[in-house]
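User: Could you take a close look at one part of this protein for me? I would like a connected walk through it, in plain terms.

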Amino acid sequence: MFKKVLEHEKYVTSRIYDMYEVALKEKDYAAQSCLKWFIDEQVEEEANASEIVEKLEMIGDNISGLFYLTDSWEQEKINKYVDTKLTL
């Protein structure tokens with residue numbers, strides 16, 4: 001499931017990059033500035049999703065390893081993705 005989240009984040013990033021390229025070509029400086037903010041946000045979103053995928057892969061089929069993910073920081077990240085990305 002979280003691999004799909006990461007895949008989606010990468011897709012969103014690619015679409016933002018496409019828009020940024022158009023803004024560069026058109027010399028639309030205001031759009032470039034706005035899109036730069038989205039690019040910065042996407043870097044963070046991809047990093048968060050990638051971190052979750054890596055940890056889940058590390059745990060593998062070890063059920064007891066899932067307890068590692070129950071601390072509040074990790075649970076908050078997981079809930080954020082479940083609530084905002086997968087309920088669309």
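What follows is a look at the second helix and its surroundings.

User: How do helix 1 and helix 2 pack, at what angle and how far apart are their axes? Please also tell me which residues A49 is in contact with, leaving aside its neighbours within four places in sequence.

Analyst: Happy to. Please keep in mind that this is a predicted model.

Let's begin with the whole chain. The protein chain has 3 helices and 0 strands, and from the N terminus on its elements run α-α-α. Of its 88 residues, 27% are buried. The accessible surface comes to about 6,400 Å², and carbon and sulfur atoms account for 58% of that. If you take the contacts with a separation of 6 or more, 59% of them join residues 24 or more positions apart.

Now to the pair you asked about. Helix 1 covers residues 2-25 and helix 2 covers residues 29-59. Their axes are 9 Å apart, and the two pack at an angle of about 160°. An angle over 145 degrees counts as roughly antiparallel, so that is how helix 1 and helix 2 lie to each other. Their crossing is left-handed.

The loop between helix 1 and helix 2 is worth a stop, and K27 is found there. The phi of K27 is near 55°, which is a positive value in a residue other than glycine. For background, most residues other than glycine have a negative phi. K27 counts as exposed, because its relative accessibility is 58% and the cut-off for that class is over 50%.

Moving into helix 2, we come to K36. K36 is partly exposed, at 41% relative accessibility. Its partner to look at is I16: the two are 20 residues apart in sequence, with 9.0 Å from C-alpha to C-alpha.

W37 and F38 deserve a moment too. They form an aromatic pair, and the count for the model comes to 1 such pair. The arrangement is edge-to-face, with 4.9 Å from centre to centre and 85° between the planes. That label applies because planes over 60 degrees apart count as edge-to-face. W37 is partly exposed, with a relative accessible area of 49%, and F38 is also partly exposed, with 38%.

Further along helix 2 sits A49. A49 counts as buried because its relative accessibility is 2%, and the class takes values under 20%. Leaving aside neighbours within four places in sequence, A49 is in contact with V5, L6, E9 and Y81. H8 makes another useful reference point: the C-alpha atoms of A49 and H8 are separated by 9.8 Å, although the two residues are 41 residues apart along the chain.

S50 is found in helix 2 as well. Here the relative accessible area is 23%, so S50 is partly exposed. S50 can be set against E7, with their positions 43 residues apart in sequence and 9.5 Å between their C-alpha atoms in space.

To put the picture together, helix 1 and helix 2 are roughly antiparallel, and K27 is in the loop between them. On helix 2, A49 is buried, whereas K36 is partly exposed and S50 is partly exposed too.

Key
Residues numbered from 1 in each chain as written. Predicted model: local features only at pLDDT ≥ 70, side-chain atom pairs only at ≥ 80, totals over all residues. Heavy atoms only, no water. Phe/Tyr/Trp six-rings, centres within 6.5 Å; stacked < 30°, edge-to-face > 60°. Buried < 20%, exposed > 50% of the residue type's maximum accessible area, 1.4 Å probe, protein only. Helix = DSSP H or I, 4+ residues; strand = E, 2+ residues; numbered from the N terminus. Contact = heavy atoms within 4.5 Å. Areas by Shrake-Rupley, 256 points an atom, 1.4 Å probe, with all protein chains shown as cover. Axes fitted to C-alpha atoms, helices over the stretch in contact; angles between N-to-C directions. Parallel < 35°, antiparallel > 145°, perpendicular 65-115°, else oblique. Left-handed = near helix turned anticlockwise from the far one by under 90°.
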